[in-house]
Amino acid sequence: MRTVTISHETMIMIRQQARLPFKQTATRQHDGTWLLHLSDEVYEKLESVQLDNESIDDAIQRALRALSGMMDN
């Protein structure tokens, strides 16, 4: 299990993309960011699509935008 820090914007995107009942397991921090727990498998998948100098938060946002575009078609 890995813990990553994501922005509030990313958390909103995750909630909007949820297709099943959403059970929030992330923890909001005082600075407005979120601590999100990811399985090792999910973390490794994100790492594999992460661009050079891109944060995990940015990779998640990019993946969610791509997923959203695929779902709209």
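## Two pockets and the core around Ile 60

The largest pocket holds about 220 Å³ of space. Keep in mind as you look around that this is a predicted model.

Let us start with the walls of that pocket. Its lining is made up of Ile 14, Leu 36, Leu 38, Val 42, Lys 45, Leu 46, Ile 60, Ala 63, Leu 64 and Leu 67. Two or more of the lining residues come from each of β3, α2 and α3, and α3 gives the largest share, with four residues. Sorted by class, the lining has nine nonpolar residues, no polar ones and one charged residue.

The second largest pocket has a volume of about 160 Å³. Around it you will find Met 11, Ile 14, Phe 22, Lys 23, Gln 24, Thr 25, Ala 26, Leu 36 and His 37. Here the elements that contribute two or more lining residues are α1 and β3. Its lining counts five nonpolar, three polar and one charged residues.

Here are the two pockets side by side:

| Pocket | Volume | Nonpolar lining residues | Polar lining residues | Charged lining residues |
|---|---|---|---|---|
| Largest | about 220 Å³ | nine | no | one |
| Second largest | about 160 Å³ | five | three | one |

Now for a closer look at one residue in the wall of the largest pocket, Ile 60. Ile 60 sits in helix α3, which runs over residues 56-72. Is Ile 60 buried or exposed? Its relative accessible area is 8%, and because the cut-off for buried is under 20%, Ile 60 counts as buried.

Which residues does Ile 60 touch, once its neighbours within four places in sequence are set aside? They are Ile 6, Thr 10, Ile 14 and Leu 46. Of these, Ile 14 and Leu 46 also appear in the lining of the largest pocket. Another lining residue, Leu 36, is 24 residues away from Ile 60 in sequence, with 11 Å between their C-alpha atoms.

Ile 60 also belongs to the largest nonpolar core, a group of 14 residues. Within this core, the members that touch the most others are Val 4, Ile 6, Ile 14, Leu 36, Leu 38, Ile 56 and Ile 60. At least two core residues come from each of β1 (2-6), α1 (8-17), β3 (34-38), α2 (40-49) and α3. In soluble globular proteins, nonpolar side chains tend to be buried together.

To tie the threads together, it is worth revisiting Ile 14. This residue is a contact of Ile 60, lines the largest pocket and lines the second largest pocket.

Note on methods: Residues are numbered from 1 along each chain as its sequence is written. This is a predicted model: local features need pLDDT of at least 70, side-chain atom pairs count only at pLDDT 80 or more; totals for chains, interfaces and linings use all residues. Side-chain values use heavy atoms; hydrogens and water are left out. Buried means under 20% relative accessible area, exposed over 50%, partly exposed in between (1.4 Å probe, protein chains only). Contact means heavy atoms within 4.5 Å. A nonpolar core is a set of buried Ala, Val, Leu, Ile, Met, Phe, Trp, Tyr and Cys residues joined through side-chain atoms within 4.5 Å. On a 1 Å grid over the protein atoms alone, a cavity is a set of points where a 1.4 Å probe fits but cannot get out, and a pocket is an open set with protein on both sides within 12 Å along at least five of seven lines; lining residues have an atom within 4 Å of a point. Grid points are joined across faces, edges and corners, and a volume is the space filled by probe spheres set on the points. Ala, Val, Leu, Ile, Met, Phe, Trp, Tyr, Cys and Pro count as nonpolar, Asp, Glu, Lys and Arg as charged, and the others, Gly among them, as polar.
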